[in-house]
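Please look over the structure below before reading on. The paragraphs that follow lead from its pocket through its charged pairs and helices to its loops.

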Amino acid sequence: MDNTIAPTIRLITDADSEALWRIRNLDSVRAASHSRTFIPRSVHNSWFLKYRANPNNTCWVVLVDKLVAGYCRVDNALVSIAIDQQFKGQGLGKVLLIEVIHRSQQRWQIIKAEIQIENTASLKLFELVGFKQTSVVNGYIYLEFHAA
């Protein structure tokens, strides 16, 4: 990761809706998601309002030079992460995931993840930060992180 610009991590705001929509619709992100279809802006806007209103959901963004470079959601203790293609390979996913786990441990004693078997980069990332595999079902690897 380029150390000249330190990333900032913060909870999402209403102003992040467009950036999340853009990142979620990247080919690489859709390929790793349960739903691989393009999400229209109107569908995203409706989802975003409901998402923000649900107290069991939290989402953080990582910013590089004030640009949203990725996001990490924890929905009912299930974590998912997406990094904009132009920022991949800079270590932002690791920095973001570690910080989100740290911030989520008081709320969730066990944090879970599900990753497609062929998504080896995500699997390596989650295992690197301490997630352990619990099962493999229907093409997905299930992992857990246990809070200390």
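Helices (H or I, at least four residues) and strands (E, at least two) are taken here as DSSP runs, numbered from the N terminus. The model is a predicted one, in which local features need pLDDT of at least 70 and side-chain atom pairs count only at pLDDT 80 or more, while totals for chains, interfaces and linings use all residues. Residues are numbered from 1 along each chain as its sequence is written, and side-chain values use heavy atoms, with hydrogens and water left out.

A starting point is the empty space. Rolling a probe the size of a water molecule over the atoms shows where such space is left. A pocket is defined on a 1 Å grid over the protein atoms alone, as an open set of points where a 1.4 Å probe fits, with protein on both sides within 12 Å along at least five of seven lines, and its lining residues have an atom within 4 Å of a point. Grid points are joined across faces, edges and corners, and a volume is the space filled by probe spheres set on the points. By this reckoning the largest pocket has a volume of about 1,000 Å³. It is lined by 41 residues, of which Val-29, Ser-33, Ser-80, Ile-81 and Ala-82 are the closest to its centre. Among the elements that give two or more residues to this lining are helix H1 (17–24), helix H3 (41–53), strand S3 (67–75), strand S4 (78–83), helix H4 (92–104) and helix H5 (120–128), and S4 gives the most, with six residues. The lining divides into 21 nonpolar, 14 polar and six charged residues, where Ala, Val, Leu, Ile, Met, Phe, Trp, Tyr, Cys and Pro count as nonpolar, Asp, Glu, Lys and Arg as charged, and the others, Gly among them, as polar.

Charged side chains also pair with one another. The structure holds eight salt bridges, each being a side-chain nitrogen of Lys or Arg within 4 Å of a carboxyl oxygen of Asp or Glu. To describe the surroundings of such residues, buried means under 20% relative accessible area, exposed over 50%, and partly exposed in between (1.4 Å probe, protein chains only). In one of the salt bridges the side chains of Asp-84 and Arg-22 meet at 2.5 Å, N to O. This pair links distant parts of the chain, since Asp-84 lies in the loop between S4 and H4 and Arg-22 in helix H1, 62 residues apart. Asp-84 is buried at 5% relative accessibility, whereas Arg-22, at 36%, is partly exposed.

A second salt bridge joins the side chains of Asp-14 and Arg-52, at 3.1 Å from N to O. Here too distant parts of the chain are linked, with Asp-14 in the loop between strand S1 (8–11) and H1, and Arg-52 in helix H3, 38 residues apart. Asp-14 counts as exposed at 56% relative accessibility, and Arg-52 as partly exposed at 38%. Asp-16 and Arg-10 form another such pair, at 2.6 Å from N to O; Asp-16 is buried, with a relative accessible area of 3%, while Arg-10 is partly exposed at 27%.

Two of the helices show how burial is arranged around an axis. An α-helix has 3.6 residues a turn, so residues three or four places apart point the same way. H4 has 13 residues and reaches 18 Å from its first C-alpha to its last, close to the 18 Å expected at 1.5 Å a residue, the expected span being 1.5 Å times one less than the number of residues. Leu-92, Gly-93, Leu-96, Leu-97, Val-100, Ile-101 and Ser-104 are buried in H4. Seen down the axis of H4, these buried residues fall within an arc of 155°, so they line one face of the helix; the arc is that of the directions from the helix axis to the C-beta atoms. In H5, the buried residues are Ser-122, Leu-123, Leu-125 and Phe-126. Their arc, seen down the axis of H5, is within 160°, so they too line one face of the helix. Ala-121, Lys-124 and Leu-128 are exposed on the other side of H5.

The last stop is a loop with unusual backbone angles. Most residues other than glycine have a negative phi. Asp-65, in the loop between strand S2 (57–64) and S3, has a positive phi, near 50°, and is exposed at 55% relative accessibility. Lys-66, placed in the loop between S2 and S3, has a positive phi near 70° and is exposed at 78%.
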